[in-house]
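I sat down today to look for empty space inside a protein I had not met before. My plan was to go through cavities and pockets and jot down who lines them.

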Amino acid sequence: MTTVVVLADPPRPVTALSTLAETTPLSASEAADLYTALLKDTVLAADRSGGETLVNYRPADALGIDADAEAELRELLSDVLDPESIRFEPQVGETFAGRVGNTATHLLETEGVGSVGIARPEAALLARTDIDSAAMKLRSAPVVLGSAPGGRVGYAAFGEPIDFTNCYAPPAIGTLTDRAVDAGLGVDFLETKPYLETAADLAEVVLAVRTRRRADAIVPPHLAAWIDGSDLVVSAGDGGLSIDR
């Protein structure tokens, strides 16, 4: 059984998807609302996969905000799942890779869990089926990576620890693969899916969700609702997709 770790921050305008607020028509408040939708969908996907869900949050002091980060996240997720059914733990570490490594290594080596999945709300279309697929692949490969455009990684699952030092250095898909191979571990891969970080990513995600809804395909419910309530317009030009109002 995989313990799915959802890396989460309280969705404040000063902390959530700040690059989108700087490079798209979204305000900081709208970006925070979008992050809220992404977080809820990610936790739902993790819970429906059947494993243990661990919300691994950055404490308020690490974010420079005056709040109880755990209480804020529990309240936020209370309309999605019973927060008592979800485990909450603070992240430990100075860097993103360090926090991932500390959590994954502790779960694998100290708590003895069978495998650990690292999920990020920015992996906008991550579904239960992706988490289940990774769990199946872990039976034959100790490391499974879900790639995103630009060499990024939206989901990573580990049956054994690797050297996590700077393991998400760009391109993360290459760095994580190298670390696994260097440790003598096999690697398998999931379908490439969007990762929501830039204006181009936002255009791709909005277009993907709208076209899937048009075709009556499955979409992340909270993200779809947020997009339905937005007035964003996706257009195509010589430079690719763009997002506007």
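Here are my notes on the cavity and the two pockets I looked up.

**Entry: before I start.** I remind myself that this is a predicted model.

**Entry: the closed space.** How many cavities of 30 Å³ or more are there? I got a count of one. I then looked up its volume, and the largest cavity holds about 100 Å³ of space.

Next I wrote down who lines the largest cavity. From the earlier part of the chain I noted A123, L126 and D130. Then come G146, S147 and A148, followed by G154 and Y155. L190, E191, K193 and P194 finish the lining.

Which elements give two or more residues to that lining? I found β5 (143-148) and β6 (152-158). Of the elements, β5 gives the most, with three residues. I also sorted the lining of the largest cavity by class: six residues are nonpolar, three are polar and three are charged.

**Entry: the largest pocket.** I moved on to the open spaces. The largest pocket has about 570 Å³ of space. I see 28 residues lining it, and I wanted to know which sit closest to its centre. Those are F96, R120, E122, Y195 and E197.

I checked the elements here too. β1 (2-8), α1 (18-23), α5 (96-110) and β6 each supply at least two residues of this lining. Which element gives the most? My note says α1, with three residues. So much for position; by class, I put down 15 nonpolar, six polar and seven charged residues for the lining of the largest pocket.

I marked β6 in the margin, as it turns up in the lining of the largest cavity and again in that of the largest pocket.

**Entry: the second largest pocket.** For this one I noted a volume of about 330 Å³. Its lining has 15 residues, and L126, A127, R128, I218 and V219 lie nearest the centre. I had met L126 already, in the lining of the largest cavity.

Two helices caught my eye: α2 (28-48) and α6 (128-137) each supply at least two residues of the lining of this pocket. Where does the largest share come from? I traced it to α2, with four residues. By class, I count nine nonpolar residues, one polar and five charged in the lining of the second largest pocket.

Technical notes:
Residues are numbered from 1 along each chain as its sequence is written. This is a predicted model: local features need pLDDT of at least 70, side-chain atom pairs count only at pLDDT 80 or more; totals for chains, interfaces and linings use all residues. Side-chain values use heavy atoms; hydrogens and water are left out. On a 1 Å grid over the protein atoms alone, a cavity is a set of points where a 1.4 Å probe fits but cannot get out, and a pocket is an open set with protein on both sides within 12 Å along at least five of seven lines; lining residues have an atom within 4 Å of a point. Grid points are joined across faces, edges and corners, and a volume is the space filled by probe spheres set on the points. Ala, Val, Leu, Ile, Met, Phe, Trp, Tyr, Cys and Pro count as nonpolar, Asp, Glu, Lys and Arg as charged, and the others, Gly among them, as polar.
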